[in-house]
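Here's a quick walk through one model, taking in some rings, a helix pair and a few residues worth a look. Have the viewer open as you read.

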Amino acid sequence: MKLFFISDIHGSLYFLNKALERFKAEEASHIVILGDELYHGARNPLTRDYNPKEVAETLNTYAAKIIAVRGNCDSEVDEMVLKFPMTSTYSSILFENKRLFLTHGHIFNDKKLPPLSSGDVFFFGHTHIPVAKKENGITIINPGSISLPKEGNPNTYGVLENGTFYIKKLDGSVFKQIAI
């Protein structure tokens, strides 16, 4: 099984479509969205082709394949237009005998981890900065942002396959990788 990770869409139809092209090319089974699906928030500029309504409609065509958590720019009213749940601030899933803790990053992040065990994998977004590191037996991953990367980083997404997490640029080239 292959999982495809994106974070911080912030209503950009352009970058969502670019990411979905990569999802298809990667032939992943599911899309994991780490929050901030529709809106740009007060601290961010408007994204390229900012269109939350069309972003919602586009995501809805993939609803059966999406696992999502709520970001700080998301609200419960967003779930009224989305056909998949996303109002929880975190989720845990089991993947190849590993616990994957999924969150946006505004509550739990790499500086404030939730209670985890050695061998667990912590995924977050929010900072728009790609991260792939291990600390105290826990793998910590941020796939970056598909629409608003920060600190000179490229627009990125992630893929988890065969025990390795790859952070990739939107052209599909590997930017960072880590064994989980």
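## The aromatic cluster

Let's start at F101, which has a relative accessibility of 4% and so counts as buried, the cut-off being under 20%. Bear in mind throughout that this is a predicted model.

What does F101 do with its ring? It pairs with F108: the ring centres sit 5.9 Å apart and the planes make an angle of 85°, so this is an edge-to-face pair. Those two are part of a wider group, as ring pairs tie Y90, F101, F108, F122 and F124 together in a cluster. Over the whole structure, the count of aromatic pairs comes to eleven.

## How α1 meets α2

Next up, the helices. Helix α1 covers residues 13–26 and helix α2 covers residues 52–60; their axes come within 9 Å and cross at roughly 20°. Angles under 35 degrees count as roughly parallel, and therefore α1 and α2 are roughly parallel to each other. As for handedness, the α1 and α2 crossing is left-handed.

Which residues make the contact? From α1 it's L13, L16, N17 and L20, and from α2 it's E54, V55, T58 and L59. Sorted by class, that contact between α1 and α2 has five nonpolar residues, two polar ones and one charged.

## The buried side of α2

Look at α2 on its own and you'll find P52, V55, A56, T58, L59 and N60 buried. What do these buried residues pack against? Their partners are α1, β2 (30–33) and β3 (66–68). V55, T58 and L59 are buried, and they also belong to the contact with α1.

## V32 in strand β2

One of the strands that α2 packs against is β2, and V32 lies in it. V32 has a relative accessible area of 1%, so it's buried. Which residues does V32 touch once its neighbours within four places in sequence are set aside? The contacts are F4, F5, I6, I67 and L102.

For a sense of where V32 sits relative to a distant part of the chain, try P154: the two are 122 residues apart in sequence, and their C-alpha atoms are separated by 19 Å.

## Two positive phi angles

Now for some backbone oddities. E27 isn't a glycine, yet its phi is positive, at about 55°. You'll find E27 in the loop between α1 and β2. With 68% relative accessibility, E27 counts as exposed, since the cut-off is over 50%.

D36 is another non-glycine residue with a positive phi, this one near 60°. Its place is the loop between β2 and α2. Is D36 buried or exposed? Its relative accessibility is 2%, so D36 counts as buried.

## M86 and its surroundings

Last stop is M86, in the loop that runs between β3 and β4 (90–95). M86 has a relative accessibility of 1%, so it counts as buried.

What surrounds M86? Not counting residues up to four places away in sequence, it touches E37, A68, V69, R70, D74, S75, D78 and E79. Of these contacts, S75 is eleven residues from M86 along the chain, and the C-alpha atoms of the two are 9.0 Å apart.

How values were computed: Residues are numbered from 1 along each chain as its sequence is written. This is a predicted model: local features need pLDDT of at least 70, side-chain atom pairs count only at pLDDT 80 or more; totals for chains, interfaces and linings use all residues. Side-chain values use heavy atoms; hydrogens and water are left out. Axes are lines fitted to C-alpha atoms, for helices over the stretch in contact, and angles run from 0 to 180 degrees between N-to-C directions. Helices (H or I, at least four residues) and strands (E, at least two) are DSSP runs, numbered from the N terminus. Angles under 35 degrees count as roughly parallel, over 145 as roughly antiparallel, 65 to 115 as roughly perpendicular and the rest as oblique. A crossing is left-handed if the near helix is turned anticlockwise from the far one by less than a right angle, and right-handed if clockwise. Contact means heavy atoms within 4.5 Å. Ala, Val, Leu, Ile, Met, Phe, Trp, Tyr, Cys and Pro count as nonpolar, Asp, Glu, Lys and Arg as charged, and the others, Gly among them, as polar. Rings of Phe, Tyr and Trp (its six-membered ring) pair if their centres lie within 6.5 Å; planes under 30 degrees apart count as stacked, over 60 as edge-to-face and the rest as tilted. Buried means under 20% relative accessible area, exposed over 50%, partly exposed in between (1.4 Å probe, protein chains only).
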